[in-house]
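Please open the structure in your viewer and keep the sequence panel beside it. The stops below each begin with something to select and then say what is there.

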Amino acid sequence: MTFTSRRYRNILICAAIAASLVLLNWLFDMALRDASFLSGWLLIIGMAFLTIYNLRKKFPFLPLIPSAYWLQFHVYLGFIVIVLFLLHTSMEFPRGPFEITFWLLFFAVAGSGVIGIFITRNLPGRLQQRHGERLIFERIPVFRADLAEQVRELAMKSVTEISSSTIADYYAVRLNPYFAEPRNFSSHLFQSERPLVNLRREIRSIQRYLNKRGREILDDIEVHVIAKDNLDYPYALQLVLKGWLFVHIPLTYSLMIFALMHVVLVYAFAGRTL
Amino acid sequence: MGLLQKFDFKSSNYERPTLHWVCGNISTGKVCPIGPDGRGQCRASFECEPIKEGDRWSCTRSKSSDGKCKAGPRPDGSCCLPITKCVPVETVRGMRGRVVAWAVSLTIGLLIIATHGSGAVNLLSPGGLTLKHGEVGTKCETCHEAFESGLSGWIHEAFAPSDPAGTSKKCLSCHEMGAAPLQAHSLPRSALDQSALEMETLEKVKVAPVALEFARSLFGSPRKIAEELACTNCHKEHRGTQFDKTEMSDNRCQSCHTVRFASLSMGHPEFINYPYSRRTRVQFDHVSHISRHFEKAGKEKAPETCTNCHEPDDNGLKMKVKGFATTCSVCHLEQITGVGQVGQKGISFFSAPGLDVAELRAQGAAIGE
């Protein structure tokens, strides 16, 4: 089964489940039952399943279902839970401060989740296309430090080999800060190579002041500049890939606490119905 | 340039994805192999821990850290290459864990403030009350008995068994609903059963909506499931001032009713004795009474609430007008009995124009002169 047909199949199953839940809710209400209790409990169960995906990832050594399947389940269940939430709230904006906060939290989590799907579907492909090498995020600073050290050595070497401080001066002013930390975050995110092109143009403009050996060293430095840019690119994209979870996961736990409080308030004050 | 990353065991450390801290020298590329502990404390001491082979100490530095050093261990068996302590750096995973902990703490803190503070009523209320209930007051405990017991009491109440009578107690302290307030339409169960039996024999053809039949077969009829119904089963609150608490769809009504039908025009039972018999109408102008009469002469006799003159009928469905003795007579009895009235007493059924000659003479009027 191809990726596309599998996706269509899953969307179809997801839509069928959502439609069944809408129908069930309608029938439950028709039977003079409080449908908000049915949709509410289904919602809680759904949200709990979505939350434990985060816990699943904390135990990679356990022989649980592979994380890729969990993620598929997480995404489709997420859409079903949004339908359930709209059913539960009768698609109305809440009135009280507690309910409004709860409502906003839900949509912040759901919204960040939808953005997360977009991010996780797009950025890995871009990483593969641009760099080709799958770098571990935690190792990028080490490689950057290696490159910085190599460029520093080249700059130092240039002083003795060409008897000129042109490259060393340029290194001190422009290249040292460039190699010291990740650069051009937004340009990498929006796939703009303008900063790199500008820097390379700057490097080439120095060539006229150098002899043959100096130009060779400068060419070598330019290769390192490109390599550094190739490190900054996955760093920026991986930062976004990890960064959106800074919104999604903490808000999920806050949402679950609000949900539990909501259940207590409802059962304590809403009056028990059928 | 060639590939930056190597994965062979000699040149690659294993970056555990669950680590919260990494070596502080990561930005210089000189990461120590031992790394920080779980609390973010640097554990670096020496590049290796020499072992004794026979009577000599031997270097154990791993191949990924450039293998055995040239100098070798000191005579006392300690490594000759001490590692400078670093300030470990928190990983993205670690930072995220900290943000989660903060978010959870903040949420719990906010909820504690919301449930214990004086503003709990405003913060936790799910919405405004209907106009009439809003007049009763804005204190939660007016309608919710458990509110005063605080968070622990709420949790206890939430896990307590279902009790329609308890839930509806506060409602019934204001609403007089007859002898069977927790039954549909406040009618005793026997009367409901009797009515259902009569309707079943009366109506042979039942054309109910398929969805309704399906809903009943799936979830059963409320009458058969529960002995008692809480008021909140049909009447919701906190939906704003304009919300109609009595609103209910036709299908929901039919979930209880024995005779079910597709719509009002298709299958509804015949209306018997319609229009229903009712008492003689009395034209009563509320506006003129309230704004004119009650303001002037009858202020002390004026009714204070609707229930001074009105009361629900036996079913609790309609508001009846109370009898003459407790309503009109308070102000109008003397007019009717003729206290201080000239001529004949009482209210005449039919009268022709004329003069009360006897009375006029008694008053000294000049008649016929």
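## Starting at an arginine

Select A:Arg126 and, leaving aside residues up to four places away in sequence, display what this side chain and backbone touch: A:His188, A:Leu189, A:Phe190, A:Gln191, A:Tyr233 and A:Leu237. Bear in mind throughout that the model is a predicted one. A:Arg126 itself belongs to helix α4 of chain A, which covers residues 97–130. Is A:Arg126 buried or exposed? A:Arg126 counts as buried because its relative accessible area is 16%, under the 20% cut-off for that class. For one of the contacts, A:Leu237, draw a distance between the C-alpha atoms: A:Arg126 and A:Leu237 are 111 residues apart along the chain, yet these two atoms are separated by 8.7 Å.

## Two residues with positive phi

Stay with the contacts of A:Arg126 and move to A:Gln191, which is one of them. A:Gln191 sits in the loop between α7 and α8 of chain A, where α8 spans residues 194–206. The phi angle here is about 55 degrees, a positive value although the residue is not a glycine. That is worth a pause, because most residues other than glycine have a negative phi. With a relative accessible area of 49%, A:Gln191 is classed as partly exposed.

Now select A:Asn184, in the loop between α6 (166–180) and α7 (185–189) of chain A. What is the phi of A:Asn184? Phi is near 55 degrees, again positive in a residue other than glycine. A:Asn184 is partly exposed, its relative accessible area being 26%.

## Salt bridges around one glutamate

Next select A:Glu222, whose side chain takes part in a salt bridge with A:Arg200, with the closest N and O atoms 2.7 Å apart. This pair connects distant parts of the chain, since A:Glu222 lies in helix α9 (residues 212–243) and A:Arg200 in helix α8 of chain A, 22 residues apart. A:Glu222 is buried, at a relative accessible area of 7%, whereas A:Arg200 is partly exposed at 25% relative accessibility.

Keep A:Glu222 displayed and add A:Arg204, for these two side chains also meet in a salt bridge, at 3.1 Å from N to O. Here too the pair links distant parts of the chain, with A:Arg204 in helix α8 and A:Glu222 in helix α9 of chain A, 18 residues apart. A:Arg204 counts as partly exposed, at 40% relative accessibility.

## A bridge within one helix, and a network

Move to helix α5 of chain A (residues 140–162) and select A:Arg152 with A:Glu149, which lie three residues apart, about one turn of the helix. Their side chains meet in a salt bridge, at 3.1 Å from N to O. A:Arg152 is partly exposed at 35% relative accessibility, and A:Glu149 is also partly exposed, at 33%.

Then select A:Glu161, A:Lys212, A:Arg213 and A:Glu216 together, and you will have a network linked by salt bridges. How many salt bridges does a search of the whole structure find over all chains? The search finds 13.

## A positive patch on the surface

Switch to a surface view and select A:Arg6, A:Arg7, A:Arg9 and A:Arg121, which form a positive surface patch. Which element supplies the largest share of the patch? Helix α1 of chain A (residues 3–30) does, with three residues. A:Arg6, for instance, is found in helix α1 and counts as partly exposed at 33% relative accessibility.

## Finishing with chain B

Finally, color chain B by secondary structure, which comes to 12 helices and six strands. Of the 369 residues in chain B, 25% are buried. Among contacts in chain B between residues at least 6 apart in sequence, 54% join residues that are at least 24 apart. With the surface of chain B turned on, what you see corresponds to an exposed area of about 26,100 Å², of which carbon and sulfur atoms supply 58%.

Notes: Residues numbered from 1 in each chain as written. Chains lettered and ligands numbered in written order. Predicted model: local features only at pLDDT ≥ 70, side-chain atom pairs only at ≥ 80, totals over all residues. Heavy atoms only, no water. Patch = residues over 30% accessible without salt bridge, like charges linked within 9 Å, V, L, I, M, F, W, Y side chains within 5 Å. Areas by Shrake-Rupley, 256 points an atom, 1.4 Å probe, with all protein chains shown as cover. Salt bridge = Lys/Arg side-chain N within 4 Å of Asp/Glu carboxyl O. Lys, Arg positive; Asp, Glu negative; His and termini not counted. Charge placed at Lys NZ, Arg CZ, Asp CG, Glu CD. Helix = DSSP H or I, 4+ residues; strand = E, 2+ residues; numbered from the N terminus. Buried < 20%, exposed > 50% of the residue type's maximum accessible area, 1.4 Å probe, protein only. Contact = heavy atoms within 4.5 Å.
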